[in-house]
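User: I'm new to protein structures and would like to learn how to read one. Can we go through it feature by feature?

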Amino acid sequence: MSDEQEPGKDQKIWQVVAAIPPGKVASYGQVAEMAGLGRQARYIGRALGKLPRGHEIPWYRVIRSNGQIAFPQGSDIYHEQVSRLQAEGVEVVNGRVAMKQFRW
DNA sequence: AGGGTGACGTTCA
DNA sequence: TTGAACGCCACCC
């Protein structure tokens, strides 16, 4: 058996995202490095878009490096992310997360 | 095999 | 501070 398994980058990413402690947030770039993808931050969003059904991945804890939500303001998905973040105790103002929750 | 794309990031104006 | 343009690089068709 050779091909043991492709760890599947997507799954690796989900694992990293799931490792984000509640009440905190991480940027795509941070997750990318933690997952070993390096600068491939864009892939993070793509992987999150491929999340399977019934997942327990806190995708909403992943935001841009500047603290902004990765979705256009006004979108349903945007409101959902903000709502979940606030539920975790994260301050979200004008689609931006307080810098405090950044340095974790 | 090639080209376009993107839940990003950084720099410039 | 905000907005626009460019750069990166793997994935999909």
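Analyst: Sure, and let's begin with a word we'll need a lot: a residue counts as buried when its relative accessible area is under 20%, and as exposed when that area is over 50%. Keep in mind that this is a predicted model.

User: Okay, so is Gln81 buried or exposed?

Analyst: Gln81 has a relative accessibility of 1%, so it counts as buried. You'll find Gln81 in helix α4, residues 76-88.

User: What does Gln81 touch?

Analyst: Leaving out residues up to four places away in sequence, Gln81 touches Trp59, Tyr60, Val62, Ile63, Ile69, Ala70 and Phe71. One of these has a polar partner for it: a polar atom of the Gln81 side chain lies 3.1 Å from the backbone oxygen of Val62.

User: Let's zoom out. How many helices and strands does chain A have?

Analyst: Chain A has 4 helices and 4 strands. Going along the sequence, they come in the pattern α-β-α-α-β-α-β-β. Of the 104 residues in chain A, 37% count as buried. Then look at contacts with a separation of 6 or more: 55% of them in chain A involve residues 24 or more positions apart.

User: How do I read a single helix?

Analyst: Start with the general idea: an α-helix has 3.6 residues a turn, so residues three or four places apart point the same way. Now try helix α2, residues 28-35, where the buried residues are Tyr28, Val31, Ala32 and Ala35. Looking down the axis of α2, these buried residues fall within an arc of 105°, so they line one face of the helix.

User: What do the buried residues of α2 pack against?

Analyst: They pack against α1 (9-18), β1 (26-27), α3 (41-49) and β2 (62-63). Right after α2 comes Gly36, with a positive phi near 85°.

User: Which residues of α3 are buried?

Analyst: In α3, the buried residues are Tyr43, Ile44, Ala47 and Leu48. Their arc around the axis is only 140°, which puts them on the same side of α3. The cover over them includes α1, α2 and β2. On the other side of α3, you'll see Arg42, Arg46 and Gly49 exposed.

User: There's DNA here too. Which residues come nearest to DNA strand B?

Analyst: Of the 14 residues around DNA strand B, the nearest are Arg42, Trp59, Arg64, Ser65 and Phe71. Sugar and phosphate make up 40% of the strand B atoms that come within 4 Å of the protein.

User: How do I look at the polar contacts there?

Analyst: Ask which part of the residue and which part of the DNA are paired. For Tyr28, a polar side-chain atom lies 3.2 Å from a base nitrogen of DNA strand B. Gly29 uses its backbone instead, with an N or O atom 3.2 Å from a phosphate oxygen of strand B. Arg46 has a polar side-chain atom 3.3 Å from a base nitrogen of DNA strand B. The elements giving two or more residues to this surface are α2 and α3. The largest share, 6 residues, comes from α3. By class, the surface near strand B has 6 nonpolar, 5 polar and 3 charged residues.

User: And what surrounds DNA strand C?

Analyst: Lys9, Gln40, Arg42, Tyr43, Arg46, Lys50 and Arg96 do. By class, that surface divides into 1 nonpolar, 1 polar and 5 charged residues. Here too α3 gives the most, with 3 residues. Arg42 has a polar side-chain atom 2.9 Å from a base nitrogen of DNA strand C. For Arg46, a side-chain N or O atom is 3.0 Å from a sugar or linking oxygen of strand C. A polar side-chain atom of Arg96 lies 3.0 Å from a phosphate oxygen of DNA strand C.

User: One last thing: where does Asn94 lie?

Analyst: Asn94 lies in the loop between β3 (92-93) and β4 (96-97). In general, most residues other than glycine have a negative phi. Asn94, though, has a positive phi near 55°. With a relative accessible area of 60%, Asn94 is exposed.

Note on methods
Residues numbered from 1 in each chain as written. Chains lettered and ligands numbered in written order. Predicted model: local features only at pLDDT ≥ 70, side-chain atom pairs only at ≥ 80, totals over all residues. Heavy atoms only, no water. Buried < 20%, exposed > 50% of the residue type's maximum accessible area, 1.4 Å probe, protein only. Arc of directions from axis to C-beta. Contact = heavy atoms within 4.5 Å. Near = heavy atom within 4 Å. Polar contact = N/O pair within 3.5 Å; in protein donor to acceptor, adjacent residues only side chain to side chain. Nonpolar A, V, L, I, M, F, W, Y, C, P; charged D, E, K, R; others polar.
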